[in-house]
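Open the model in your viewer and keep the sequence panel visible. The stops below say what to select and what is there.

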Amino acid sequence: MKPDFMLVPLAAFSIGLLYVKLAYGDLPLRFLAEPMQRALEGELEGVNVGIDDAVLRRGTSAGLELRLTGVRLTGASDGAVVRADEAMIDLDLDALWRGK
């Protein structure tokens, strides 16, 4: 069996496991908080970004939600510009599937 043919069942199995996990609770993504911070700081010059935690959960309309907690944006003088206890990003599965 070629390795390419093994990828399809493995991907389907992984997606199934992800669906089951999300059906029973949130998927912690704390390891993504720091890379998201760095990416946002690269886009927003002169602004420091802080994110305490990130989790992936099922959305209300069959989509996915990325929830960020402890989001802080501070300016160069360390004065708080924006602070949010929780921020939510809706992920459209159809758009993700099409690569948009």
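Start in the middle of the fold, with three strands: select strand S2 (48-50), strand S3 (53-58) and strand S4 (64-74), which are among the elements that cover the buried residues of helix H2. This is a predicted model.

**Helix H2**

Now select helix H2 itself, residues 33-43. Which residues of H2 are buried? They are Ala33, Met36 and Gln37. These residues span an arc of only 105° around the axis, so they sit on the same side of H2. Turn the view to the face of H2 that points away from the buried side, and pick out the exposed residues Arg38 and Gly42 there.

**Val55**

Go next to strand S3 and select Val55, which lies in that strand. Is Val55 buried or exposed? Its relative accessibility is 17%, so Val55 counts as buried, since the cut-off for buried is under 20%. To see what surrounds Val55, show the residues that it touches, leaving out those up to four places away in sequence. One group of these contacts is Asp26, Leu27, Pro28 and Leu29. The other contacts of Val55 are Glu65, Leu66 and Arg67. Then draw a distance from the C-alpha atom of Val55 to that of Leu68: the value is 6.7 Å, for two residues 13 apart along the chain.

**Gly25**

Select Gly25, found in the loop between helix H1 (3-24) and strand S1 (27-28). With a relative accessible area of 22%, Gly25 is partly exposed. A C-alpha to C-alpha distance from Gly25 to Gly70 gives 20 Å, and the two residues are 45 apart in sequence.

**Arg98**

Move on to helix H3, residues 93-98, and select Arg98 in it. Arg98 has a relative accessibility of 56%, so it counts as exposed, the cut-off for exposed being over 50%. How far apart in space are Arg98 and Val8? Their C-alpha atoms are 17 Å apart, with the two positions 90 residues apart in the numbering.

**The whole chain**

Clear the selection and colour the protein chain by secondary structure. It has three helices and five strands. Followed along the sequence, their order is α-β-α-β-β-β-β-α. The radius of gyration of the chain is 17 Å, whereas the globule rule gives 13 Å for 100 residues, so the chain is more spread out than a compact globule. Along the principal axes, the C-alpha atoms fill a box of roughly 60 × 30 × 25 Å.

Show the surface next. The protein chain exposes about 7,700 Å², and carbon and sulfur atoms supply 61% of that area. Buried residues account for 24% of the 100 residues. Of the contacts between residues at least 6 apart in sequence, 36% join residues at least 24 apart.

For the last stop, colour the charged side chains. The protein chain carries 11 positive and 15 negative ones. The centres of these two sets are 6 Å apart.

Key: Residues numbered from 1 in each chain as written. Predicted model: local features only at pLDDT ≥ 70, side-chain atom pairs only at ≥ 80, totals over all residues. Heavy atoms only, no water. Helix = DSSP H or I, 4+ residues; strand = E, 2+ residues; numbered from the N terminus. Rg over C-alpha atoms; globule rule 2.2 N^0.38 Å. Buried < 20%, exposed > 50% of the residue type's maximum accessible area, 1.4 Å probe, protein only. Contact = heavy atoms within 4.5 Å. Areas by Shrake-Rupley, 256 points an atom, 1.4 Å probe, with all protein chains shown as cover. Lys, Arg positive; Asp, Glu negative; His and termini not counted. Charge placed at Lys NZ, Arg CZ, Asp CG, Glu CD. Arc of directions from axis to C-beta.
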